[in-house]
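Hi,

Here is the structure I said I'd pass along. Have a look at it first, and my notes on what turned up are underneath.

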Amino acid sequence: MAREDEERIVDNEEVSAEAEESGGRQDNELALPSGGCCMPSSTSHRFLALIFMCLLGFGSYFCYDNPAALQEVFKRDLKLSATEFTLIYSIYSWPNVILCFLGGFLIDRLFGIRLGTIIYMLILLVGQLIFASGGILDTFWLMILGRFIFGIGAESLAVAQNSYAVLWFKGKELNMVFGLQLSVARFGSTVNFWVMQPLYDYVNKFYQGHRTLGVVLLLATLTCVGSLLCALILGYMDKRAERILQRNNNPSGQIPKLTDVFTFKPPFWMVSIICVAYYVAIFPFIALGQKFFMDRFQYTPTEANNVDSLVYLIAAVSSPVFGFIIDKLGRNVTWVFSATTTTIGAHLLLTFTDLNPYIGMTIMGLSYSLLAASLWPLVALIIPEYQLGTAYGFCQSVQNLGLAVITILAGIIADKSNNDHTWVQLFFIGWLTVALIATCVIWGYDKKQRGNLNMTPAQRINFVNSATYQNFE
């Protein structure tokens with residue numbers, strides 16, 4: 001008998017002895033039918049966990065775009081210029097240039113995914129409370145401080161959310177899961193655009209000026225409280241699953257280090273570039289979108305909000321559908337290329353044609369959904385599982401660096417252009433071109449190295465089996 005087989009038998013005997021001493025509770029859980037809804041490996045149980053996984057980001061995304069839904073209100077009540085308004089968004093991103101990467105590393109090395117998620121959710125909640133308090137007190141620096149703290153928690157929470165998804169769904173329905181997470185998160189953004197202006201109008205009957213704004217932001221904080229409850233429930237479910245399934249997330253026993261990032265392969269760096277170049281053409285555009293649609297198409301603030309939120313609404317519906325399709329067809333790199341190309345087309349339609357803006361925003365929403373469902377799972381194909389927190393943290397960090405800088409630049413361009421938004425749009429299109437080039441580099445490198453990034457699911461199975469067989473030999 002091989003030595004490793006003998007060790008496996010000894011390990012199993014030790015586990016059995018520990019289970020008998022524990023009073024039988026674990027035995028009862030392990031005896032659950034494999035298909036039962038209480039068994040963590042069952043589809044129904046995993047998708048119950050997915051519900052809480054998705055709702056983790058609802059409060060974060062709802063509160064993130066509170067300023068965009070009330071852009072004119074912020075400028076009027078707080079007397080802000082476009083550049084000062086975009087500071088609310090850029091200050092969110094600045095701390096995460098470093099802290100988001102560190103947050104992912106801390107999940108891998110120190111906190112673990114469960115404690116890390118709860119800690120980051122609490123930081124997010126505190127930041128939103130300070131942001132709302134600054135509105136009530138008409139203290140802009142306090143609002144900026146709150147937004148700074150909110151950003152620290154929100155982006156690190158996104159890293160934890162991605163890590164949860166890979167932990168529960170890698171090799172199964174991962175593309176669809178990323179799509180569903182985006183769907184619920186962006187539904188939170190959409191609901192924000194729907195309700196914040198009517199809520200402000202209602203609260204304005206009882207309060208005036210900046211106090212109205214502060215109270216509305218305080219009410220928005222309730223969504224973060226709901227997300228915190230989801231983090232606690234999901235943490236309990238994951239701890240139970242780890243015990244029952246005797247899960248080992250790092251079978252090699254390697255310890256994650258910050259310097260691991262320098263060992264990541266070139267496709268990962270291209271994915272990081274796409275994270276910056278693509279998303280800076282979406283989020284800052286939406287943040288400035290209300291003004292764009294009011295000037296370009298003569299819409300009222302409410303009408304402008306409706307069309308501006310369309311990207312998020314479409315993402316909420318189409319993301320899981322695209323994820324399901326990609327799970328079946330694979331070819332992630334091809335989908336990323338298609339999504340980037342059609343997003344460029346959407347910006348061109350909005351800038352240089354008189355077509356109804358709903359057409360351009362619909363294309364943008366579908367493209368954004370397609371990219372998110374196909375891009376983020378690529379990281380799990382490139383990076384070992386024990387380094388995923390660090391890898392996703394780095395992606396979020398470089399994305400936030402781009403958003404911090406580009407949002408400010410976009411605001412400056414908007415201030416200097418005298419309500420002519422052509423230059424801002426060309427600025428966004430230029431960044432999308434960079435994303436397109438990075439996608440081509442991934443495709444070329446993967447083809448040259450005979451990698452699995454643009455394979456079908458069946459081809460990836462054969463690829464993994466072949467690699468395993470070669471290692472065995």
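Helix α12, which covers residues 210-220, is mostly tucked away: 8 of its 11 residues are buried. The buried ones in α12 are His 210, Thr 212, Leu 213, Gly 214, Val 215, Val 216, Leu 217 and Ala 220. Do keep in mind as you read on that this is a predicted model.

Stepping back to the whole protein, you'll see 23 helices and 0 strands. There are 473 residues, and buried ones make up 55% of them. On the outside, the protein exposes about 20,200 Å², with carbon and sulfur atoms supplying 65% of that area. As for who touches whom, take the contacts between residues at least 6 apart in sequence: 80% of these join residues at least 24 apart.

Now for the holes. How many cavities of 30 Å³ or more does a search of the whole structure find? The count is 2, so let me go through them one by one.

The largest cavity has a volume of about 430 Å³. Its lining takes in 24 residues, and the ones nearest the centre are Tyr 61, Ala 158, Leu 182, Arg 186 and Gln 396. If you want to find the walls on screen, look for α4 (58-64), α10 (140-169), α11 (174-203), α20 (357-382) and α21 (388-416), each of which brings at least two residues to this lining. Which helix gives the most to it? That's α10, with 6 residues. Sorted by class, the lining of the largest cavity comes out as 15 nonpolar, 7 polar and 2 charged residues.

The second largest cavity has a volume of about 40 Å³. Around it sit Tyr 64, Tyr 89, Ser 93, Phe 283, Pro 284, Ala 287, Leu 403 and Thr 407. Here α7 (82-93), α15 (283-287) and α21 each supply at least two lining residues, and α15 gives the most, with 3. By class, this lining has 6 nonpolar and 2 polar residues, but no charged ones.

One helix to look at twice is α21: it supplies at least two residues to the lining of the largest cavity and at least two to that of the second largest.

If you'd like a place to begin, try α12 with its 8 buried residues, then move over to α10 and the largest cavity, where that helix gives 6 lining residues.

Cheers

Key: Residues are numbered from 1 along each chain as its sequence is written. This is a predicted model: local features need pLDDT of at least 70, side-chain atom pairs count only at pLDDT 80 or more; totals for chains, interfaces and linings use all residues. Side-chain values use heavy atoms; hydrogens and water are left out. Helices (H or I, at least four residues) and strands (E, at least two) are DSSP runs, numbered from the N terminus. Buried means under 20% relative accessible area, exposed over 50%, partly exposed in between (1.4 Å probe, protein chains only). Contact means heavy atoms within 4.5 Å. Accessible areas come from the Shrake-Rupley method with a 1.4 Å probe; for residues, only the protein chains shown count as cover. On a 1 Å grid over the protein atoms alone, a cavity is a set of points where a 1.4 Å probe fits but cannot get out, and a pocket is an open set with protein on both sides within 12 Å along at least five of seven lines; lining residues have an atom within 4 Å of a point. Grid points are joined across faces, edges and corners, and a volume is the space filled by probe spheres set on the points. Ala, Val, Leu, Ile, Met, Phe, Trp, Tyr, Cys and Pro count as nonpolar, Asp, Glu, Lys and Arg as charged, and the others, Gly among them, as polar.
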